[in-house]
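User: I would like a close look at one part of this model, set in the context of the whole chain. Please take it step by step and keep the reasoning explicit.

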Amino acid sequence: MPFPPEGTIECKFWGLGGDVTVTVTVEDGKIAAAEAAGISETPALGGAAMPQLCEAIVANQTPYVDTVSGATLTSNAVIEAAAAALAQ
């Protein structure tokens, strides 16, 4: 998957309780950072899964990472939002 030009892109996708916003930063043709926020997600499940997913996205250099057990809807929201951001 070719990444967009360098910069920061933000996209949203619907999670369990509302929008999950993912911000992806591309530098030197690589995913340099990914952050996710979803204030309506269950803190112990979706809230805990978001940082794990973002770390996996950066480590694997793809938005298509494994979902976190117990937080499938939030996981899918992070994955879809990151994929949409990187497709721009």
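With 88 residues, what radius of gyration would a compact globule have, and what value does the protein chain have? After that, please concentrate on strand S2 (residues 19–27).

Analyst: The model is a predicted one, and the values below are computed from it. A compact globule of 88 residues would have a radius of gyration near 12 Å, and the protein chain has 12 Å, so the two agree. The C-alpha trace spans about 35 × 20 × 15 Å along its principal axes. Of the 88 residues, 40% count as buried, while the chain exposes about 4,700 Å², of which carbon and sulfur atoms supply 54%. Among contacts between residues at least 6 apart in sequence, 43% join residues at least 24 apart.

The chain contains two helices and three strands, and they follow one another along the sequence in the pattern β-β-β-α-α. Strand S2 pairs with both S1 and S3. With S1 (residues 7–14), S2 forms an antiparallel pairing over eight bridges, and with S3 the pairing is again antiparallel, over seven bridges.

On the S1 side, Trp-14 has Asp-19 as its bridge partner in S2, and Phe-13 is matched in the same way with Val-20. The hairpin that links S1 and S2 has four residues between the strands, and Gly-18 in that hairpin takes a positive phi near 155°. On the S3 side, Thr-25 stands opposite Ala-33. The hairpin of S2 and S3 has two residues between its strands, and there Asp-28 takes a positive phi near 55°.

Val-22 is a useful residue to follow from here. Val-22 belongs to S2 and counts as buried because its relative accessibility is 0%. Leaving out residues up to four places away in sequence, Val-22 touches Ile-9, Glu-10 and Cys-11, then Glu-35 and Ala-36, and then Val-78, Ala-81 and Ala-82. A separation in space can also be given for Val-22 and Ala-77: the two are 55 residues apart in sequence, yet 8.8 Å lies between their C-alpha atoms.

Val-20 also has contacts spread along the sequence. With its neighbours within four places set aside, Val-20 is in contact with Cys-11, Lys-12, Phe-13 and Gly-15, with Ala-37, Gly-38 and Glu-41, with Met-50, and with Ala-77, Val-78 and Ala-81. Cys-11, Val-78 and Ala-81 therefore appear in the contact lists of both Val-20 and Val-22.

These two valines lead to the nonpolar core. In soluble globular proteins, nonpolar side chains tend to be buried together. The largest nonpolar core here has 23 residues, and those with the most contacts inside it are Val-20, Val-22, Val-24, Leu-53, Ile-57 and Val-78. S1, S2, S3 (30–37), helix H1 (43–60) and helix H2 (72–86) each supply at least two residues of this core, and H2 gives the most to it, with seven.

Thr-25 offers another view of S2, the strand in which it is found. Its relative accessibility is 18%, and because the limit for a buried residue is under 20%, Thr-25 counts as buried. Outside its sequence neighbours up to four places away, Thr-25 touches Gly-7 and Thr-8, together with Lys-30, Ile-31, Ala-32 and Ala-33; the last of these, Ala-33, is also the residue that stands opposite Thr-25 in S3.

Cys-11, touched by Val-22, raises the matter of disulfides. The count of disulfides comes to zero. The cysteine sulfur closest to that of Cys-11 is in Cys-54, and at 13 Å the two are too far apart for a bond. Both cysteines are nevertheless buried, Cys-11 because its relative accessibility is 12% and Cys-54 because its value is 4%.

For a point away from the strand, Ala-49 lies in helix H1 and is buried, since its relative accessible area is 1%. Apart from its neighbours within four places in sequence, Ala-49 is in contact with Val-68 and Ala-71. The C-alpha atoms of Ala-49 and Ser-69 are separated by 8.7 Å, although the residues are 20 apart along the chain.

To return to S2, the strand is bridged in the antiparallel sense to S1 and to S3, and Val-20, Val-22 and Val-24 are among the residues with the most contacts inside the largest nonpolar core.

Definitions and conventions
Residues are numbered from 1 along each chain as its sequence is written. This is a predicted model: local features need pLDDT of at least 70, side-chain atom pairs count only at pLDDT 80 or more; totals for chains, interfaces and linings use all residues. Side-chain values use heavy atoms; hydrogens and water are left out. Buried means under 20% relative accessible area, exposed over 50%, partly exposed in between (1.4 Å probe, protein chains only). Contact means heavy atoms within 4.5 Å. Two strands pair if DSSP finds at least two bridges between them. The radius of gyration is taken over C-alpha atoms; the globule rule is 2.2 Å times the number of residues to the power 0.38. Accessible areas come from the Shrake-Rupley method with a 1.4 Å probe; for residues, only the protein chains shown count as cover. A nonpolar core is a set of buried Ala, Val, Leu, Ile, Met, Phe, Trp, Tyr and Cys residues joined through side-chain atoms within 4.5 Å. A disulfide is a pair of cysteine sulfur atoms within 2.5 Å.
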